[in-house]
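Reader: I would like a close look at a single part of this structure, chosen by you, with its surroundings followed outward step by step. Please keep the reasoning behind each burial call visible.

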Amino acid sequence: MLWMITRTAKPGIAKERDALRPSHLDYVFKQKNLVLGAATVSDDDTEFIGTLYIVSAADRAAAQAFLDGDPFTQAGFYTDVKIFRLRKGPWNPNVVEGTP
């Protein structure tokens, strides 16, 4: 099943986030069989707002377990976390090739 996960960041976490970023990225890249896509969400690339994931997980509990293992989650960086079930529609990942 596909799941979309959105997380809204607490304000003022930039230094702490930068310090944990290597362990966060290591964790996410080790989940390559689960994570279809991941992105930071910003205000026109000026202010970090949060994150977005599309994951393939057996159920909501598995999607939540993915989040629970993330060092950013464990550090309490997010004020709002939502998990939504997706039904796959048109799917064209090539559209984003080369997008920064």
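Author: A residue is called buried here when its relative accessible area is under 20%, exposed when that area is over 50%, and partly exposed in between. The model is a predicted one, and the part I have chosen is strand β3, which runs over residues 48-56.

Let us begin with Ile54, which lies in strand β3. Its relative accessible area is 17%, and it is therefore buried. Once the neighbours within four places in sequence are set aside, the residues in contact with Ile54 are Trp3, Met4, Leu34, Val35, Leu36, Gly37, Leu86 and Trp91. A separation along the chain can be set beside this list, since Ile54 and Leu2 stand 52 residues apart in sequence while their C-alpha atoms are 6.8 Å apart in space.

Thr51 is also found in strand β3, and because its relative accessibility is 6%, it counts as buried. The side chain of Thr51 is joined to that of Arg7 by a polar contact of 2.9 Å. Beyond four places in sequence, Thr51 is in contact with Ile5, Thr6, Arg7, Ala39, Thr40, Val41 and Tyr78.

Gly50, again in strand β3, has a relative accessible area of 0% and is therefore buried. Its contacts, with neighbours within four places in sequence left aside, are Arg7, Thr8, Ala9, Ala39, Thr40, Val41 and Tyr78. Arg7 and Tyr78 thus appear in the list for Thr51 and in the list for Gly50. For a sense of distance across the model, the C-alpha atoms of Gly50 and Gly76 are 13 Å apart, with their positions 26 residues apart in sequence.

Arg7 also leads outward from the strand, to Asp70, which lies in the loop between α2 and α3. Asp70 counts as buried because its relative accessibility is 0%. Not counting residues up to four places away in sequence, Asp70 touches Arg7, His24, Tyr27 and Tyr53. A polar atom of the Asp70 side chain also lies 3.0 Å from the backbone nitrogen of Phe72.

Following the chain on from the strand, one comes to Asp59, which is found in the loop between β3 and α2. With a relative accessible area of 35%, Asp59 is partly exposed, and it caps the N-terminal end of α2 through a side-chain oxygen placed 3.3 Å from the backbone nitrogen of Ala61. Asp59 and Leu2 are 57 residues apart in sequence, yet their C-alpha atoms are 8.7 Å apart in space. Leu2 has thus served as a reference point for Asp59 as well as for Ile54.

Helix α2 itself covers residues 60-68, and its buried residues are Ala63, Phe66 and Leu67. Viewed down the axis of α2, these buried residues fall within an arc of 100°, so they line one face of the helix. Strand β3 is among the elements that cover the buried residues of α2, and the cover also includes β1 (2-9), α1, β2, α3 (71-74) and β4 (78-86).

The strand has a part in the empty space of the model as well. The largest pocket holds about 390 Å³, and β3 is one of the elements that supply at least two residues each to its lining, together with α1 (14-30) and β2 (35-42). That lining is made of 17 residues, of which Leu25, Val28, Phe29, Ala38 and Ala39 lie nearest the centre of the pocket. By class the lining divides into ten nonpolar, four polar and three charged residues. Ala39, named there, is in contact with Thr51 and with Gly50.

The second largest pocket has a volume of about 160 Å³. Among the residues lining this pocket are Glu47 and Phe48, along with Lys10, Arg17 and Asp18; α1 gives the most to this lining, with three residues. The lining of this second pocket contains five nonpolar, one polar and four charged residues.

For contrast with the buried positions, Pro90 lies in the segment after β4 and counts as exposed because its relative accessibility is 86%. The C-alpha atoms of Pro90 and Ala58 are 21 Å apart, with a separation of 32 residues in sequence.

Notes: Residues numbered from 1 in each chain as written. Predicted model: local features only at pLDDT ≥ 70, side-chain atom pairs only at ≥ 80, totals over all residues. Heavy atoms only, no water. 1 Å grid on protein atoms, 1.4 Å probe; cavity = no way out; pocket = protein on both sides within 12 Å on 5 of 7 lines; lining within 4 Å. Points joined across faces, edges and corners; volume = space filled by probe spheres on them. Helix = DSSP H or I, 4+ residues; strand = E, 2+ residues; numbered from the N terminus. Nonpolar A, V, L, I, M, F, W, Y, C, P; charged D, E, K, R; others polar. Buried < 20%, exposed > 50% of the residue type's maximum accessible area, 1.4 Å probe, protein only. Arc of directions from axis to C-beta. Contact = heavy atoms within 4.5 Å. Polar contact = N/O pair within 3.5 Å; in protein donor to acceptor, adjacent residues only side chain to side chain.
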